[in-house]
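Subject: A structure for you to look at

Hi,

Here is the structure I promised to pass on. Please open it alongside this email, and then read on for what turned up.

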Amino acid sequence: MESPELSKLRKICGYGHIFLILVTIFCTLLLALSIVAFCIFLVIDDPTIMDQDRHTMIITMGTAVIDFAAFTTISYLLDRMIKTMKNGESPFTNDNAHILVHMATISVVSAVASIVGQVVGIVVLNPENYPGSIPFVQIGGAIVLYSLALIFGYGAQLQKESDETL
């Protein structure tokens, strides 16, 4: 018989698993829509749209595709972590630490792609009207995820030592 805490954790992880499946499906749909919009902007040849505006939209849609792909992948990886806890396994495993490192890497790649898109948009295409921003959320998220990966890796090492002691 499992403890009430473990039963509660498994129940919460079950709800989290369902939620993350829905988030992953929603993000996949947004990714598909952004890819379609990106392709439409690539082939559209409307004389009323200025070339600079068209290029700005292409860059904006391209970075949106990368962001949606990153968020979809991160939600899928997070679901993999939740499933291990739902099954009653310890969250402190090397696999979960590696998943967190992958999530941090994806977040950094998304931030770099956003910065590169903004630099191209600001410097090359439309320096007066292109809104620029620094992706603090992705950078901060990557730092937090990498820190958690180190904590989970250390927890896995302690778990292994504890198991070997018994």
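**Overall fold**

Starting at the N terminus, the elements of the chain follow the order α-α-α-α. Please keep in mind that this is a predicted model. The count is 4 helices and 0 strands. The chain has 166 residues, and buried residues make up 33% of them.

**Helix 1 and helix 4**

Helix 1 (4-43) has 40 residues. From its first C-alpha to its last, helix 1 reaches 58 Å, close to the 58 Å expected at 1.5 Å a residue. Helix 4 behaves in a similar way: its 30 residues should span 44 Å at 1.5 Å a residue, and the end C-alpha atoms are 43 Å apart, which agrees.

Which residues of helix 1 are buried? They are Cys13, Gly14, His17, Leu20, Val23, Thr24, Cys27, Leu31, Ser34 and Ala37. In helix 4, the buried set is Gln138, Ala142, Leu145, Ala149, Phe152, Gly155 and Ala156.

Two of the buried residues in helix 1 are cysteines, Cys13 and Cys27. Cys13 has a relative accessibility of 4% and so counts as buried, and Cys27 is likewise buried, with a relative accessible area of 4%. As for disulfides, the count comes to 0.

**Contacts between helices**

Two residue pairs are worth a look on screen. Thr24, in helix 1, is buried, with a relative accessible area of 15%. Along the chain, Thr24 and Ser75 are 51 residues apart, yet their C-alpha atoms are separated by 5.8 Å.

The other pair is Ala69 and Leu31. Ala69 belongs to helix 2, and at 27% relative accessibility it counts as partly exposed. Leu31 is among the buried residues of helix 1. The two are 38 residues apart in sequence, but 6.2 Å apart in space, C-alpha to C-alpha.

**The aromatic pair**

How many aromatic pairs does the structure hold? There is 1 aromatic pair. Its members are Phe92 and Phe152, with ring centres 5.0 Å apart and planes at 45 degrees, so the pair is tilted. An angle under 30 degrees would have counted as stacked and one over 60 as edge-to-face.

Phe92 sits in the loop between helix 2 (51-86) and helix 3 (94-125), while Phe152 is in helix 4 (residues 136-165), so the pair ties together parts that are 60 residues apart in sequence. Are these two rings' residues buried or partly exposed? Phe92 counts as partly exposed, at 33% relative accessibility, whereas Phe152 is buried, with a relative accessible area of 13%.

**The largest pocket**

Finally, the largest pocket has a volume of about 270 Å³. It is lined by 16 residues, and the closest to its centre are Ala70, Phe71, Ile74, Ser107 and Leu145. Of these, Leu145 also appears among the buried residues of helix 4.

Where does the lining come from? Helix 1, helix 2, helix 3 and helix 4 each supply at least two residues of the lining. Helix 2 gives the most, with 6 residues. By class, the lining of this pocket has 10 nonpolar, 5 polar and 1 charged residues.

Happy viewing, and best wishes

Terms used
Residues are numbered from 1 along each chain as its sequence is written. This is a predicted model: local features need pLDDT of at least 70, side-chain atom pairs count only at pLDDT 80 or more; totals for chains, interfaces and linings use all residues. Side-chain values use heavy atoms; hydrogens and water are left out. Rings of Phe, Tyr and Trp (its six-membered ring) pair if their centres lie within 6.5 Å; planes under 30 degrees apart count as stacked, over 60 as edge-to-face and the rest as tilted. Buried means under 20% relative accessible area, exposed over 50%, partly exposed in between (1.4 Å probe, protein chains only). On a 1 Å grid over the protein atoms alone, a cavity is a set of points where a 1.4 Å probe fits but cannot get out, and a pocket is an open set with protein on both sides within 12 Å along at least five of seven lines; lining residues have an atom within 4 Å of a point. Grid points are joined across faces, edges and corners, and a volume is the space filled by probe spheres set on the points. Ala, Val, Leu, Ile, Met, Phe, Trp, Tyr, Cys and Pro count as nonpolar, Asp, Glu, Lys and Arg as charged, and the others, Gly among them, as polar. The expected span of a helix is 1.5 Å times one less than its number of residues. A disulfide is a pair of cysteine sulfur atoms within 2.5 Å.
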